[in-house]
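Thanks, everyone. Please bring the model up on your screens, and we'll walk through it together.

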Amino acid sequence: YFKQKTSSLATTLYRLISINDCLICMFSVVVLPTMMSGSRKGYLFNIPFICSLWIHIFQVLTRVSIALTAYLSISRAYAVVYPLQHWRLADVDVFLGTYSVLLLLITIIPTFVGIKHTVYQPNAGICWIISTNNTKHSKAIEVWDIIENLIDCTTLAVPVLPISFSCAITIFKIINIRTFSLARIQAKSPTSPKEQNQSTATPTSVQGTSRDSECSNAAAPYSNLGGRSQRATVTIIIFTAVYFIFNFPLIILYTLYIITILKYSYPGPFFSSTFMLTYSWHLMEPFGVVVNSFINPWIYVFRFRDFYYWIQTESFLRKFY
């Protein structure tokens with residue numbers, strides 16, 4: 001669907017987000033048998049190669065998902081604030097490629113040098129990368145744990161802030177644009193009987209010239225934000241809001257974690273319970289992103305009218321209609 005659309009920054013980002021969401025959901029299927037079993041058997045995760053491959057790729061996909069959402073939200077806010085300036089499409093490919101490679105190297109190198117290893121954790125029902133017990137590399141393990149915590153906080157929790165800020169700017173600008181539009185409508189229509197009488201005796205070309213031109217000049221920079229563009233902006237706001245709902249708890253979790261390692265010794269008072277120590281991390285980090293990826297296509301269905309029509313007429317799902 002997105003491939004046949006006119007090439008634009010938003011379309012390219014939606015296409016990449018859709019591919020990434022699809023991969024996240026596909027990789028989550030492997031977890032279902034484990035989570036549904038009472039004894040939390042590892043099944044495929046008992047194979048070391050599959051366990052290692054899954055967690056390395058899954059970590060990259062979840063972080064890329066957050067980065068693409070941030071790119072989408074910030075670029076739309078920039079387009080609304082500076083409608084005559086555009087981000088280049090080539091920058092998206094460069095950003096995505098560089099970011100994905102860096103994330104993959106960050107997860108692979110520590111396991112390659114022996115300071116990290118992949119294990120299946122029955123309590124969480126997924127594979128995870130943890131530090132080794134090798135006393136020979138104890139100092140390197142300690143340093144890398146600090147670096148890894150900073151990277152996780154930067155790639156998972158911190159993006160919530162610029163995404164929320166850019167979304168707020170977009171909402172504010174949309175309200176301003178609609179206020180300008182309303183002012184133009186009011187400027188063109190007479191509001192009192194005296195003005196109505198004057199309007200019948202005054203040529204149409206002269207009526208409301210000063211007020212109309214004043215509002216037009218104020219709204220001129222946003223003249224290219226028509227109905228379709230505003231609808232697209234609202235769609236991105238909804239898209240961002242869904243992301244915020246499923247990822248904001250993660251920034252709270254990392255805030256508690258930073259307070260714990262600075263003031264206490266982990267797990268400390270915040271992570272002393274079984275839920276906070278084990279389940280909270282896996283519930284907030286991997287599966288919050290998974291649910292977000294599952295919901296995104298439904299946003300397309302309800303917000304993109306031609307997308308729903310495409311599903312009914314051209315996609316492989318048309319046989320069900």
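Start with contacts. Take those in the protein chain with a separation of 6 or more: 73% of them join residues 24 or more positions apart. Keep in mind that this is a predicted model.

Now the layout. The protein chain has twelve helices and two strands. The order along the sequence is α-α-α-α-β-β-α-α-α-α-α-α-α-α. There are 321 residues in the protein chain, and 38% are buried. The accessible surface is about 18,300 Å², with 68% of that belonging to carbon and sulfur atoms.

Next, the core. Which residues touch the most other members of the largest nonpolar core? Tyr14, Tyr300 and Phe307 do, in a core of 27 residues. Six helices are worth marking here: H1 (9-29), H3 (48-81), H4, H9 (227-263), H11 (286-303) and H12 (305-313) each supply at least two residues of this core. H3 gives the most, with six residues.

Zoom in on Tyr14. Leave out residues up to four places away in sequence. Tyr14 then touches Phe2, Leu72, Thr235, Ile236, Phe239, Tyr300 and Phe304. Note Tyr300 in that list. Tyr300 is another of the residues that touch the most other core members.

Now to helix H4, residues 89-113. H4 has 25 residues. From its first C-alpha to its last it reaches 37 Å, close to the 36 Å expected at 1.5 Å a residue. Just after H4 comes Gly114, with a positive phi near 100 degrees.

Which residues of H4 are buried? They are Val92, Leu96, Tyr99, Leu103, Thr107 and Pro110. Look at the spacing of those numbers. An α-helix has 3.6 residues a turn, so residues three or four places apart point the same way. What covers the buried residues of H4? The cover includes H1, H3, strand S1 (116-121), strand S2 (126-131) and helix H5 (138-157).

Then look at the surface. Val101, Leu102, Leu104, Leu105, Ile108, Ile109, Phe112 and Val113 make a nonpolar surface patch of about 750 Å². Leu104 is one of them, and it lies in H4. Why is Leu104 classed as partly exposed? Because its relative accessible area is 34%, and partly exposed runs between the 20% and 50% cut-offs.

One point for context. In soluble globular proteins, nonpolar side chains tend to be buried together. Set the two pictures side by side: Leu103 is buried in H4, while Leu104 is partly exposed.

That's my tour. Over to you.

Technical notes. Residues are numbered from 1 along each chain as its sequence is written. This is a predicted model: local features need pLDDT of at least 70, side-chain atom pairs count only at pLDDT 80 or more; totals for chains, interfaces and linings use all residues. Side-chain values use heavy atoms; hydrogens and water are left out. Helices (H or I, at least four residues) and strands (E, at least two) are DSSP runs, numbered from the N terminus. Buried means under 20% relative accessible area, exposed over 50%, partly exposed in between (1.4 Å probe, protein chains only). Contact means heavy atoms within 4.5 Å. Accessible areas come from the Shrake-Rupley method with a 1.4 Å probe; for residues, only the protein chains shown count as cover. Patches are made of residues with over 30% relative accessible area and no salt bridge: like charges are joined within 9 Å, nonpolar side chains (Val, Leu, Ile, Met, Phe, Trp, Tyr) within 5 Å. A salt bridge is a side-chain nitrogen of Lys or Arg within 4 Å of a carboxyl oxygen of Asp or Glu. A nonpolar core is a set of buried Ala, Val, Leu, Ile, Met, Phe, Trp, Tyr and Cys residues joined through side-chain atoms within 4.5 Å. The expected span of a helix is 1.5 Å times one less than its number of residues.
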